[in-house]
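Work through these exercises with the model open beside you. Try each task before you read its solution.

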Amino acid sequence: MTPDADTATPAEAADPAATGPGPAEGGPDPGSGPDPGSPHPATSAGTSGSASQNRWWIYRGSGQPLYDTTLRELLPEPPPWRRFTGGPVVPPPPAGDDEVARRLGRPSGRSPASEQLRREADMVNAALLLRRPLLVTGRPGTGKSSLAYRISRELRLGRVLRWHITSRTTLRSGLYEYDAIGRVQDSAALRALRTAEDSPVAPRTADGGAAAADEQLPGIGDYVQLGPLGTALLPYETPRVLLIDELDKSDQDLANDLLSVFEEGQFPVSELLRARRRHPRVTVLTDDPEGTAEIVGGVVRCRAFPIVVITSNGEREFPPAFLRRCLRLHMPDPDRTQLVDMVTAHLAEGAATRAGDGGDLIERFLRRSRERGGLAIDQLLNSVYLTTSGRLPADAGALDELVDALWHRLDGAGAESRPG
């Protein structure tokens, strides 16, 4: 039975093995399907369904999507201070399966749970229950961004919204963009068309003035597009997954600017606020392909606070007020077992051991990573793909030179030649 949040001991809450076998030990896995010999874990503690509301292990990190249940059924009510009631409810997001598969490979069970995987699942579940952002730190190439896609796949939350941060990124760009120039150009084009047709630019009003020339323009909502953060804060029934990638590359003020949005769960669209008397309900574009949503009163208010995964390479510290509102997870370098899982998910079973003329390419990769201050996972995937493609020359020296070129330092040093 899964630990009850109200009765489980701290050890049971922190370790799934303390209360019985999990997916790695042969027990039922709520993400991989029901166990034929027992009720589904989400309802095995009773027929009322209350057990699903008391489960700690909503996200298990198993790599398998939820079976016969949804996050909405499993997720309990938020703390009173994190409760949001935005509306009207918008439709569910697109699936985004192609993007998830490109980043994670095929769905497959992960190897027996390690301390790191249990800690990762603990922090994700805490972020889920508390409705707080998760700050994921670690050196480049350790798979920090992949966590957002693993959460989306396992909890079946649809397309991941990705906001890539640069030194020029502002809070406004993540919330929404208003194409004022496009609207002016469309208005000018309409006036020119009316002039060419020898028609008045606009009908005259009773006092001799001109009526608004933009009455035949597309609605103001056609010029407003929500960014990834703004789309994540729409009133969905279940949370969206938002990846804020490399926040440490931003201007120092961005982390502070995010505080109010994270706390309030809403933001105004200034251009719609000014027009709310004439247009109380406006349909705008979203960050999803061909997506739209209705905004009431010029303010976007969330309903289910998004699952926010913020990544940082540790290039600078964040303000204490920002850190206080985030849960922190450090992503260490993956070990051999995790690398085998990743290679297997992206390539064929046994590809890792077949690579490198029968040698263990992963062991060589781990050794070279230690020598060069850390390598990225995609460098390993590239080398395994090439060495198992059957298209490389049989010369072992040429193969070693190619692999060495692929495994260059992340700072670019040593990319042109082999050491020593």
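The model is predicted.

**Exercise 1. Unusual backbone geometry**

Locate Asp68, then decide whether it is buried or exposed.

*Solution.*
Step 1. Asp68 sits in the loop between helix H2 (50–54) and H3.
Step 2. Check the backbone: phi of Asp68 is near 60 degrees, a positive value in a residue other than glycine.
Step 3. Now the surface. The cut-off for exposed is over 50% relative accessible area. Asp68 has 63% relative accessibility, so it counts as exposed.

Find where Glu246 lies, and give its phi.

*Solution.*
Step 1. Look in the loop between strand E5 (241–245) and H10; Glu246 is found there.
Step 2. Its phi is positive, about 60 degrees, although Glu246 is not a glycine.

Which residues does a cis peptide bond join?

*Solution.*
Step 1. The bond joins Gly87 and Pro88, with omega about -5 degrees.
Step 2. Pro88 belongs to the loop between helix H3 (71–74) and helix H4 (97–104).
Step 3. Why note these three places? Most residues other than glycine have a negative phi, and most peptide bonds are trans.

**Exercise 2. The sheet**

Give the strand order of the open five-stranded sheet, and name the strands at its edges.

*Solution.*
Step 1. The order is E2-E5-E10-E1-E11, and the pairing is parallel.
Step 2. Strand E2 (161–164) and E11 each have a single partner strand, so they stand at the edges, and one side of each is left without a neighbour in the sheet.
Step 3. From one strand to the next, the twist averages 20 degrees.

Trace the pairings of E10 and E1, and pick out bridge partners.

*Solution.*
Step 1. E5 and E10 run parallel, joined by four bridges. Leu242 has Val308 in E10 as its bridge partner.
Step 2. E1 pairs with strand E10 (residues 307–312) over four bridges, in the parallel sense. Here Leu135 is matched with Ile310.
Step 3. E1 also runs parallel to strand E11 (residues 327–330), again through four bridges. Thr137 stands opposite His330 of E11.

Which residues of strand E1 are buried on each side, and which strands does helix H5 lie across?

*Solution.*
Step 1. Strand E1 (residues 134–137) is covered on both faces. Leu134 and Val136 are buried on one side, and Leu135 and Thr137 are buried on the other.
Step 2. Helix H5 (residues 115–130) lies across E1, E10 and E11. Its angle to E11 is about 160 degrees.

**Exercise 3. The nonpolar cores**

Which members of the largest nonpolar core touch the most other members?

*Solution.*
Step 1. This core has 43 residues. Those that touch the most other members are Leu229, Ile244, Leu247, Leu258, Phe262, Ile310 and Phe322.
Step 2. Helix H10 (residues 252–264) gives the largest share of this core, six residues.
Step 3. Separate from it is a second core of 31 residues, which includes Leu74, Ala127, Val136 and Val309.
Step 4. Background: in soluble globular proteins, nonpolar side chains tend to be buried together.

List what Phe262 touches, leaving out residues up to four places away in sequence.

*Solution.*
Step 1. The contacts are Arg82, Pro133, Leu229, Ile244, Phe305, Val308, Ile310 and Phe322.
Step 2. Ring pairs also link Phe262 into a cluster with Phe84 and Phe305.
Step 3. The charged end of Arg82 sits over the ring of Phe305, 4.6 Å from the ring centre.

**Exercise 4. Aromatic pairs**

How many aromatic pairs does a search of the whole structure find?

*Solution.*
Step 1. The search finds five.
Step 2. Take Phe318 and Phe322. Their ring centres are 5.4 Å apart and their planes are at 50 degrees, so the pair is tilted.
Step 3. Phe318 is buried, at 8% relative accessible area. Phe322 is buried too, at 0%.

Classify the pair of Phe365 and Trp407, and say how far apart the two residues lie in the chain.

*Solution.*
Step 1. The centres are 5.4 Å apart and the planes are at 75 degrees, so Phe365 and Trp407 form an edge-to-face pair.
Step 2. Phe365 is in helix H15 (residues 361–371), and Trp407 is in the segment after helix H17 (396–406). The pair links distant parts of the chain, 42 residues apart.
Step 3. Phe365 counts as buried at 4% relative accessibility, and Trp407 counts as buried at 1%.

Methods
Residues numbered from 1 in each chain as written. Predicted model: local features only at pLDDT ≥ 70, side-chain atom pairs only at ≥ 80, totals over all residues. Heavy atoms only, no water. Core = buried A, V, L, I, M, F, W, Y, C linked by side-chain atoms within 4.5 Å. Buried < 20%, exposed > 50% of the residue type's maximum accessible area, 1.4 Å probe, protein only. Contact = heavy atoms within 4.5 Å. Pairing = 2+ DSSP bridges. Phe/Tyr/Trp six-rings, centres within 6.5 Å; stacked < 30°, edge-to-face > 60°. Lys NZ or Arg CZ within 6 Å of the ring centre and 35° of its normal. Axes fitted to C-alpha atoms, helices over the stretch in contact; angles between N-to-C directions.
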